[in-house]
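Please look through the sequence and the model shown below before reading on. The report then takes up a few places in turn, from single residues to strands, rings and the surface.

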Amino acid sequence: MSLSLGARAMDVLFGKNKKEQLEPVRAKVTGKIPTWLRGTLLRNGPGMHTVGETRYSHWFDGLALLHSFTIRDGEVYYRSRYLRSDTYNANMEANRIVVSEFGTMAYPDPSKNIFSKAFTYLSHTIPDFTDNCLINFMKCGGDFYATTETNYIRKINPQTLETLEKVDYRKYLAINLATAHPHYDSAGNVLNIGTSIVDKGKTKYVIFKIPATAPDRTKGKSPLQHTEVLCSIPSRSLLSPSYYHSFGVTENYIIFLEQPFKLDILKMATAYIRGVSWASCLAFHREDKTYIHIVNQRTGKPVSTKFYTDPMVVFHHVNAYEEDGCLLFDVIAYEDSSLYQCLYLANLKEGFEGNSRIVPVPTLKRFAVPLCMDKNAEVGSNLIKLASTTARALKEKDDQVYCQPELLCEGLELPQINYAHNGKPYRYVFAIEVQRTPIPNKILKYDILTKSFLRWREEHCWPSESVFLSSPDAKEEDDGILLTAVVSSDPQKLPFLLILDAKSFAELARAYVDVDMHLDLHGLFIPDTDWDPRKQAPPQEVQDRASDCPVASQTGQA
C-alpha cells in the first residue's frame, strides 16, 4: 500500500535510519558550477532515530550523521559517516538506546534492582552528558570538531569524516554545557559561551576564547590547552540557569541573552530516578523578563547598565553591530518555548498527517541598546536616537533600561549572513522559511533595507540551512552563492546539493547523489581542500548509479 504524501515525507525525513556512504560517490551535475568554487561543505545532523526495538523521542536526539560535498573543477563528490561517539558505540553494542539524550532518558540495564538504580541515580545528579555531537562543526586552529550542547566535542577528519579523539571542555574550564554556535574573530580565535552548574556554590555563564594557534613555546599542543576565560556572568538563579543556543558579537562586545527558558537543576538531578527526560526539566517562565548582558571583549567586564526586554525564546542570533554609541542586535525570537515541543517525533508525525498543533511563528527582531547612559535623561525617555531603527530603549528607575524591539519580518529560521559582515553593519539575511510546519520547504533571502524577499522552492523538496560563500571578485555584500543540501520526499527525485546565485536567487547548478541523505541542521564550508576525490575514486558501479539519476523540473521562485 502506497504512503500518503505526508506519511512519505515523515518517513523520508524522520522515519527510517539513514545508510552511511563511506566511499565518495560522484554526483550528477546539471547546470554550471562556478569555476572558483573549490572546497568541502561539511554538514551535521541526526540520521538514526531507532536502535533495535528502541526509538528516540525527539528529532534532536538522533545519532549524529556527518556528510560532505567536496567540490572541485566542476565535479562534486558526496560521502557520509555516522559519528563513532561513545554514545553510538554503546548503543550499537547493546542494540538499543542505552545513553540518554536531552529528550530521551535511557536505562543501561532495565533488569537492575532498586539498589542499583539508586546508585546509578546518584551518578546522574549532575549527569555525564552524551558525546553524540549532532548539531554543528567547529574549526579550532587546523582541527575540526563535531559539536553539540554538552561539555563534549569530537575531533573528526574532515576529508574521510572519521571520528577521532573525544575532548572534554572540563579539562580546560569548568563548564557542563556549551553552545554549538561559536563565533570566530578576524584572527581565527574561537569565542563561545558555556554554563557552569553549581561550581563552588555558584551557577554562572562562562564566556571563553580558544586561540587560533598555540603559542610558539608550546608547539605541538592543541590551542584548546590555552583556552582563556574572558568573563563570568552569575546566573540570576543558582538552581535554574537559562537555556541558550547562540549569542551575538560585535567588534568590541559580546551579547548574551539570559532568557526565561530555564533548566531546573533540582528536577534534572531527579529525572533519572523519576523516569523522565532532561528536556522535561526545561520550562518557560512567561512572568519573567529576558535580561540582556553586554560584555566588553577587551576588558572582559559587563556593561553596568541593566537592560531587559519582554519574555521570549531565542535560538539563533543573526548579527550585531555598533552604530553611533549604540549596539544593535538582531535575533529570531519566539513568544514561548513551544517550538521545542513541536519537534518531538510524535508531534512531527501528527503535523505531516494534517493534525498539526499550532506552530509558533519566528520573528526577526532588532534590539538597540545605548552603550553610554545619559544620567540626566528623564525616566520614560527613549535613549535611542538612531534614524536607522524604530527600536527603543526606555529609561526606568534605578538606571534600568527596558528595550522594545523593531519587528523586521516573520517566518524565517536558521539565519545565515555573509560572515565577512559578522559584527558589522549588514543588509541581507539568508534563511529558510517556516510556515504552518516547523520543517522548512523554502529558501529565502531577506533584504533588511527594502524589506523585500527572494524565495526558492520546489515541490516535495526540503532544504536545510544554506551556507553563503562570497565570490572572489565580490564588490557587494550579496555577491556570491548559496549552498544548500536538499532532501526530496518524491521517490522519483534524488537528493541534491543546490547552488544558487545569492544576488538574484537564480539556480546555477545542482548535484544529484543516489544516496540515503538526511535532513541536517548546521555546518560549515572548508575552502581549497587538499583532498582530491579523483585520487580516491569510488568503484565504477557506484559512480554509475549517480549518472542515471533523473533531472528534476526547473526550480521556481514563490
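Where is the place of glycine 411? Glycine 411 is found in the loop between strand E28 (406–410) and strand E29 (412–416), in what is, it should be said at once, a predicted model. Glycine 411 counts as buried, because its relative accessibility is 4% and buried means under 20% relative accessible area. Although glycine 411 and leucine 364 are 47 residues apart in sequence, their C-alpha atoms are 8.1 Å apart in space.

## Loop residues with a positive phi

Two further loop residues can be read in a similar way, beginning with the backbone angle phi. Histidine 460 is not a glycine, and yet its phi is positive, at about 65°; its place is in the loop between strand E32 (452–457) and strand E33 (461–463). With 25% relative accessibility, histidine 460 counts as partly exposed.

Phenylalanine 505, a residue other than glycine, also has a positive phi, near 70°, and belongs to the loop between strand E36 (496–501) and strand E37 (507–512). Is phenylalanine 505 buried or exposed? Phenylalanine 505 has a relative accessible area of 2% and is buried.

## Strands that pair

A positive phi appears once more in a hairpin, where strands E14 and E15 have 2 residues between them and lysine 200 takes a phi near 55°. The table lists three strand pairs, together with one pair of residues that stand opposite each other in each of them.

| Strands | Sense | Bridges | Opposite residues |
|---|---|---|---|
| E14 (residues 190–199) and E15 (residues 202–210) | antiparallel | 8 bridges | Valine 190 and isoleucine 210 |
| E15 and E16 (residues 228–234) | antiparallel | 6 bridges | Tyrosine 205 and isoleucine 233 |
| E18 (residues 253–258) and E21 (residues 290–296) | antiparallel | 6 bridges | Isoleucine 255 and isoleucine 294 |

Strands E18 and E21 also belong to an open sheet of 6 strands, whose order is E17-E18-E21-E22-E27-E26 and whose pairing is mixed. Which strands are the edge strands of this sheet? They are strand E17 (248–249) and strand E26 (392–395), each of which pairs on one side only.

## Aromatic rings

A pair of aromatic rings is described by two values, the distance of the centres and the angle of the planes. Counted by the rule used here, there are 20 aromatic pairs in the model. In one of them, the ring centres of phenylalanine 14 and tryptophan 59 are 5.2 Å apart and the planes stand at 80°, so the pair is edge-to-face, since planes over 60 degrees apart count as edge-to-face. Phenylalanine 14 lies in helix H1 (residues 5–15), while tryptophan 59 lies in the loop between strand E5 (54–55) and strand E6 (63–72), so this pair ties together parts that are 45 residues apart in sequence.

Both residues count as buried, phenylalanine 14 because its relative accessibility is 1% and tryptophan 59 because its relative accessibility is 7%. The ring of tryptophan 59 also pairs with that of phenylalanine 60, and here the centres are 5.4 Å apart and the planes at 35°, so the pair is tilted. Phenylalanine 60, with a relative accessible area of 31%, is partly exposed. Which residues do the ring pairs link into a cluster? The cluster consists of Phe14, Trp59, Phe60, Tyr340 and Tyr344.

Rings can also have a charged group over them, as two places in the model show. The charged end of arginine 236 sits over the ring of tyrosine 291, at 3.7 Å from the ring centre. Arginine 510, in turn, lies over the face of phenylalanine 496, where the distance to the ring centre is 4.3 Å.

## A nonpolar patch on the surface

Last comes the surface, where Val198, Leu238, Leu239 and Leu266 make a nonpolar patch of about 310 Å². One of these residues, leucine 266, has its place in helix H4 (residues 265–274). Leucine 266 counts as exposed because its relative accessible area is 53%, and exposed means over 50%.

Note on methods: Residues numbered from 1 in each chain as written. Predicted model: local features only at pLDDT ≥ 70, side-chain atom pairs only at ≥ 80, totals over all residues. Heavy atoms only, no water. Patch = residues over 30% accessible without salt bridge, like charges linked within 9 Å, V, L, I, M, F, W, Y side chains within 5 Å. Areas by Shrake-Rupley, 256 points an atom, 1.4 Å probe, with all protein chains shown as cover. Salt bridge = Lys/Arg side-chain N within 4 Å of Asp/Glu carboxyl O. Helix = DSSP H or I, 4+ residues; strand = E, 2+ residues; numbered from the N terminus. Buried < 20%, exposed > 50% of the residue type's maximum accessible area, 1.4 Å probe, protein only. Phe/Tyr/Trp six-rings, centres within 6.5 Å; stacked < 30°, edge-to-face > 60°. Lys NZ or Arg CZ within 6 Å of the ring centre and 35° of its normal. Pairing = 2+ DSSP bridges.
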